[in-house]
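Colleague: I am in my first year and still learning to read structures like this one. Could you take me through a single part of it slowly, and show me how that part sits in the whole?

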Amino acid sequence: MEKIVPPEYVEAVQQLFDEAIEAVGLAKQCKEVDDLWATLAVALLKLDLASNFIEQHQPGFIKEVNDAKQRVMAALTPKH
């Protein structure tokens with residue numbers, strides 16, 4: 001991670017990732033739809049915050065993530 005963001009920010013970015021993972025873990029245990037969307041919203045927010053933080057130090061990072069997401073979605077979409 002030190003090659004991606006300055007060393008003094010590594011802990012903050014890693015904490016955001018840890019919090020996103022924790023939120024996904026909580027989402028897996030949800031029994032109500034309201035709880036599920038709330039915990040998924042927290043997980044996505046933490047990932048967005050981490051991505052924006054990385055973008056400040058690695059311009060183009062978010063675009064590359066979105067491009068990769070589109071390629072994965074295209075690969076997973078059945079072709080008729």
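Modeller: Happy to help; we will take a close look at helix α1 and helix α2 and the residues that link them, starting with the overall picture.

Please keep in mind that this is a predicted model. The protein has three helices and zero strands, so its pattern along the sequence reads α-α-α, by the way helices and strands are assigned and numbered. Along its principal axes, the C-alpha trace spans about 40 × 35 × 15 Å. The radius of gyration is 15 Å, where a compact globule of 80 residues would come out near 12 Å. Of the 80 residues, 15% are buried. The protein exposes about 6300 Å² in total, with 61% of that supplied by carbon and sulfur atoms.

One more number is useful before we zoom in. If you take the contacts with a separation of 6 or more, 47% of them join residues 24 or more positions apart. Let us now find some of the places where distant parts of the chain come together.

A good place to begin is the salt bridge between the side chains of E19 and K46, with 2.7 Å from N to O. This pair links distant parts of the chain: E19 belongs to helix α1, residues 7-28, while K46 belongs to helix α2, residues 33-57, and the two are 27 residues apart. Is E19 buried, exposed or partly exposed? Its relative accessibility is 22%, and buried means under 20%, so E19 counts as partly exposed.

Next, look at A20, which is also found in helix α1. With a relative accessibility of 4%, A20 counts as buried because that value is under 20%. Which residues does A20 touch, once its neighbours within four places in sequence are left aside? They are A43, K46 and L47. You have already met K46 as the salt-bridge partner of E19. Do not expect every residue of helix α2 to sit beside A20, though: V33 is 13 residues away along the chain, and the C-alpha atoms of A20 and V33 are separated by 19 Å.

Now turn to L47 and view the meeting from the other side, since L47 lies in helix α2. Leaving out residues up to four places away in sequence, L47 touches F17 and A20. L47 is partly exposed, because its relative accessible area of 38% falls between the 20% and 50% limits. Here too, you can pick out a pair that stays apart: L47 and A27 are 20 residues apart along the chain, and 15 Å separates their C-alpha atoms.

Let us move on to Y9, another residue of helix α1. Y9 touches F53 and H57, not counting residues up to four places away in sequence. How far apart are the C-alpha atoms of Y9 and F53? They are separated by 8.9 Å, although the two residues are 44 residues apart along the chain. Y9 has a relative accessible area of 32%, so it is partly exposed, lying between the 20% and 50% limits.

Q56 is worth a stop as well, and it lies in helix α2. The C-alpha atoms of Q56 and V5 are separated by 8.7 Å, with their positions 51 residues apart along the chain. Q56 counts as exposed, because its relative accessibility of 60% is over 50%.

To finish, compare all this with helix α3. A search of the whole structure finds two salt bridges, and one of them joins the side chains of D67 and K63, again with 2.7 Å from N to O. Both residues lie in helix α3, residues 61-76, four residues apart, which is about one turn of the helix. D67 is partly exposed, with a relative accessible area of 26%, while K63 is exposed, at 52%. As for the charges of the whole protein, there are 8 positive and 13 negative ones, and their mean positions are 10 Å apart.

If you want to retrace the route on screen, start at E19 and K46, go on to A20 and its contact L47, and end at Y9 with its contacts F53 and H57.

Notes:
Residues numbered from 1 in each chain as written. Predicted model: local features only at pLDDT ≥ 70, side-chain atom pairs only at ≥ 80, totals over all residues. Heavy atoms only, no water. Rg over C-alpha atoms; globule rule 2.2 N^0.38 Å. Buried < 20%, exposed > 50% of the residue type's maximum accessible area, 1.4 Å probe, protein only. Contact = heavy atoms within 4.5 Å. Areas by Shrake-Rupley, 256 points an atom, 1.4 Å probe, with all protein chains shown as cover. Lys, Arg positive; Asp, Glu negative; His and termini not counted. Charge placed at Lys NZ, Arg CZ, Asp CG, Glu CD. Salt bridge = Lys/Arg side-chain N within 4 Å of Asp/Glu carboxyl O.
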